[in-house]
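Biologist: Hi, I have a new model open and would like to walk through it with you. Could you help me find my way around?

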Amino acid sequence: MPINKTYESDGETTTPRVNFFGRERPVHAILGGGKVADVLLWRNQKLSATLLFGVTAIWYLFEVVEYNFVTLFCHICITTMLIVFIRSITAEYFGWNPPKIPELISNEDAFREVVSTFHRRLNELLRKFLHIAGFLCMETLPYLYARYEKEVEYHAGQMTKKASKMYKRFDSRVLNKIPRGPVKEKKRT
């Protein structure tokens with residue numbers, strides 16, 4: 001991580017200020033400066049909130065409530081059949097034209113091919129749903145970093161300092177005690 005030459009004092013020691021990604025530009029410019037950056041930094045609040053709400057609802061259904069995608073798909077199909085049934089009954093009652101439902105005739109091979117394709121695509125979709133949590137982080141972390149940049153960089157500097165101390169201690173207590181044999185010179189031909 002690049003370190004700027006500015007130092008912040010925390011009382012008794014000085015901690016270097018860390019700029020992540022070696023950046024000298026604002027976070028908005030790093031994210032592309034367009035509509036995506038506006039959404040990620042919550043400058044377009046309606047779109048960001050809608051996107052976050054939609055993804056959260058999907059996450060809630062599938063992860064918290066443990067709702068299966070197949071169950072959801074079946075409920076949607078049942079509801080669609082109910083609506084078509086009610087529409088056909090009311091069409092007969094009110095004298096409207098009934099809905100035209102094409103007759104589907106299929107053989108077993110075509111059905112297996114459709115089911116196989118559906119199964120493969122469903123698995124791909126479910127794999128993508130596993131990354132929703134990463135998407136939520138991607139949606140909120142840039143905004144939080146831009147808003148609390150000084151605090152994040154201060155704590156990152158503290159963590160870097162502690163990690164360096166821990167490595168030095170590990171090196172002196174463990175790694176230096178490992179016996180090493182004489183180094184053999186490589187033969188060159």
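Modeller: Happy to! Let's begin with R169, which sits in helix α7 (residues 149-173). Keep in mind that this is a predicted model.

Biologist: Okay, found R169. Is R169 buried, partly exposed or exposed?

Modeller: R169 counts as partly exposed, because its relative accessibility is 42%.

Biologist: And which surface patch is R169 part of?

Modeller: R169 belongs to a positive patch on the surface, together with K162, K165, R173 and K177.

Biologist: Let me zoom out for a second. How many helices and strands are there in the protein?

Modeller: The protein has seven helices and two strands. Going from the N terminus, the order is β-β-α-α-α-α-α-α-α.

Biologist: What share of the residues counts as buried?

Modeller: The protein has 189 residues, and 14% of them count as buried.

Biologist: Back to charges, then. How many salt bridges do you count?

Modeller: The count comes to one salt bridge. E108 pairs with R112, and their closest N and O atoms are 2.7 Å apart.

Biologist: Why are those two within reach of each other?

Modeller: E108 and R112 are four residues apart in helix α5 (residues 108-129), so about one helical turn separates them. In general, side chains of opposite charge can pair when their charged atoms come close.

Biologist: Are E108 and R112 buried or exposed?

Modeller: Both E108 and R112 are exposed.

Biologist: New topic: greasy spots. Which residues form a nonpolar patch on the surface?

Modeller: Look at W59, Y60, V64 and V65. Together these residues have about 370 Å² of accessible area.

Biologist: Where does V64 lie?

Modeller: V64 is in helix α3 (residues 45-64). With a relative accessible area of 44%, V64 is partly exposed.

Biologist: I also spotted some aromatic rings. How many aromatic pairs does the structure hold?

Modeller: There are five aromatic pairs in the structure. One of them joins Y93 and F94 in an edge-to-face arrangement, with 5.0 Å from centre to centre and 80° between the planes.

Biologist: What about the pair of F94 and W96, how are those rings arranged?

Modeller: F94 and W96 are stacked, because their planes are at 25°, and the ring centres are 5.1 Å apart. Stacked here requires planes under 30 degrees apart.

Biologist: Which residues make up the aromatic cluster there?

Modeller: Y93, F94 and W96 form one aromatic cluster. Within this cluster, Y93 counts as exposed at 68% relative accessibility, whereas W96 counts as partly exposed at 46%.

Biologist: Last thing, the backbone. Which residue in the loop between α2 (35-40) and α3 should I look at?

Modeller: Try W42, which lies in that loop. W42 has a positive phi of about 60° although it is not a glycine.

Biologist: Why does a positive phi catch your eye?

Modeller: Most residues other than glycine have a negative phi. E66 is another residue to check, with a positive phi of about 55° although it is not a glycine.

Biologist: Where is E66, and is E66 buried or exposed?

Modeller: E66 is in the loop between α3 and α4 (69-94). At 65% relative accessibility, E66 counts as exposed.

Biologist: Great, thanks for the tour!

Notes. Residues numbered from 1 in each chain as written. Predicted model: local features only at pLDDT ≥ 70, side-chain atom pairs only at ≥ 80, totals over all residues. Heavy atoms only, no water. Salt bridge = Lys/Arg side-chain N within 4 Å of Asp/Glu carboxyl O. Buried < 20%, exposed > 50% of the residue type's maximum accessible area, 1.4 Å probe, protein only. Patch = residues over 30% accessible without salt bridge, like charges linked within 9 Å, V, L, I, M, F, W, Y side chains within 5 Å. Areas by Shrake-Rupley, 256 points an atom, 1.4 Å probe, with all protein chains shown as cover. Lys, Arg positive; Asp, Glu negative; His and termini not counted. Charge placed at Lys NZ, Arg CZ, Asp CG, Glu CD. Phe/Tyr/Trp six-rings, centres within 6.5 Å; stacked < 30°, edge-to-face > 60°.
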